[in-house]
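Work through the exercises below with the model open. Each task is followed by a solution in steps.

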Amino acid sequence: MEAAARRRQHPGAAGGAAAQPGASFLQARHSAVKADEAAGTAPFHFDLWFYFTLQNWILDFGRPIAMLVFPLEWFPLNKPSVGDYFHMAYNIITPFLLLKLMERSPRTLPRAMIYLSIITFVMGASIHLVGDSVNHRLLFSGYQHHLSVRENPIIRNLKPETLIDSFELLYYYDEYLGHSMWYIPFFLILFMYFSGCFTPTKAESSMPGVALLLVVPSGLYYWYLVTEGQIFILFIFTFFAMLALVLHQKRKCLFLDSNGLFLFYSFALTLLLVALWVAWLWNDPVLRKKYPGVIYVPEPWAFYTLHVSSRR
């Protein structure tokens with residue numbers, strides 16, 4: 001009876017004793033999750049990297065090519081072109097693949113930053129879709145990509161002259177605003193993923209053979225992205241940030257895993273290809289006039305309209 005009375009007077013004592021093992025279990029489980037996150041190493045995501053590289057080549061690089069290959073009668077100038085449908089598919093598939101890539105990161109990444117980056121990415125790519133659609137359709141009317149908007153023969157004689165301002169606004173949405181809102185979050189997402197691609201085991205810092213096969217097409221695509229998108233400053237900043245992170249983590253005896261090595265080697269190959277591209281066209285007087293700044297990185301489509309299509 002006395003024991004029962006004591007239990008009634010102090011119910012928390014018995015409850016606290018019963019809850020203590022549960023609290024200890026939760027704390028131990030939380031510590032185990034943290035330890036697994038710190039030491040966990042993801043296998044090489046061949047499926048995601050393969051789909052990512054394939055859709056980049058088909059839906060982004062192949063987009064303007066498809067616009068020139070498919071007969072104009074199938075896609076009239078006042079309707080979306082086949083390239084526009086490619087762009088729409090890219091705007092849906094790429095964010096999905098980026099989200100799946102984030103899900104497989106061995107490190108917990110900030111969700112709010114990821115969601116905001118994906119939203120901005122989709123908005124920027126959609127702005128670019130509209131501007132790029134009109135600009136590429138102008139090719140069929142004689143528009144020349146290696147010239148500025150006001151210097152183009154089909155634009156400079158427009159009346160009233162305020163129409164030229166409208167085309168320059170369109171060019172701004174396409175080449176500046178659209179590209180910025182598209183590529184800044186894109187590289188930010190890749191860098192956030194890259195920051196979690198480290199392992200304490202040096203033996204795991206290697207790439208399988210299939211990863212090596214994907215490095216060349218991946219690096220070549222990023223070369224196209226950097227040159228055609230005119231985002232060399234953004235790219236070089238991201239690459240050196242990755243390099244600085246690698247050196248910093250190396251002091252902690254952490255090494256890149258297979259996914260991190262794949263990204264790093266792809267970007268390193270891209271930097272080499274951009275350097276070779278610039279060196280090859282260094283003395284081109286027409287392209288030098290269009291890109292007069294300190295950083296001279298000509299666009300492949302400007303090279304195409306100047307040196308390839310003009311000879312046909």
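**Exercise 1. Find what surrounds Ala125, and place the residue.**

Step 1. Leaving out residues up to four places away in sequence, Ala125 touches His87, Asn91 and Trp182, where contact means heavy atoms within 4.5 Å.

Step 2. The residue is part of helix α5 (residues 111–137); helices (H or I, at least four residues) and strands (E, at least two) are DSSP runs, numbered from the N terminus.

Step 3. Ala125 counts as buried because its relative accessibility is 0%. The classes are buried at under 20% relative accessible area, exposed at over 50% and partly exposed in between, with a 1.4 Å probe and protein chains only.

Step 4. Gly178 lies 53 residues from Ala125 in sequence, yet the two C-alpha atoms are 6.2 Å apart.

A note on the basis: this is a predicted model, in which local features need pLDDT of at least 70 and side-chain atom pairs count only at pLDDT 80 or more, while totals for chains, interfaces and linings use all residues. Residues are numbered from 1 along each chain as its sequence is written, and side-chain values use heavy atoms, without hydrogens and water.

**Exercise 2. State how far the prediction can be read along the chain.**

Step 1. pLDDT is the predictor's confidence in each residue, from 0 to 100. Its mean for the protein chain is 84, and 86% of the residues reach 70 or more.

Step 2. Residues 1–39 have pLDDT below 50, and this stretch makes five contacts in the model beyond near neighbours in sequence.

**Exercise 3. Compare Ser117 with Pro217: is each buried or partly exposed?**

Step 1. Ser117, also in helix α5, has 5% relative accessibility and therefore counts as buried. Beyond four places in sequence, Ser117 contacts Pro185, Leu188, Ile189 and Met192.

Step 2. Pro217 belongs to helix α8. At 26% relative accessibility, Pro217 counts as partly exposed.

Step 3. Outside its neighbours up to four places away, Pro217 touches Thr53 and Trp57. From Pro217 to Phe50 the C-alpha separation is 9.9 Å, with their positions 167 residues apart along the chain.

**Exercise 4. Describe the nonpolar cores.**

Step 1. A nonpolar core is a set of buried Ala, Val, Leu, Ile, Met, Phe, Trp, Tyr and Cys residues joined through side-chain atoms within 4.5 Å. The largest has 62 residues, and those with the most contacts inside it include Trp49, Phe186, Phe187 and Phe267.

Step 2. At least two residues of this core come from each of several helices, among them α3 (46–69), α4 (82–103), α7 (162–194) and α8 (209–229).

Step 3. Another core, of five residues, lies apart from it, with Leu138, Tyr143, Ile155 and Ile164 among its members.

**Exercise 5. Which kind of aromatic pair do Trp277 and Phe303 form?**

Step 1. Rings of Phe, Tyr and Trp (its six-membered ring) pair if their centres lie within 6.5 Å; planes under 30 degrees apart count as stacked, over 60 as edge-to-face and the rest as tilted. This rule gives 36 aromatic pairs.

Step 2. For Trp277 and Phe303 the centres are 5.7 Å apart and the planes 70 degrees apart, an edge-to-face pair.

Step 3. The partners are 26 residues apart, Trp277 in helix α10 (residues 258–280) and Phe303 in helix α12 (residues 300–307). Both Trp277 and Phe303 are buried.
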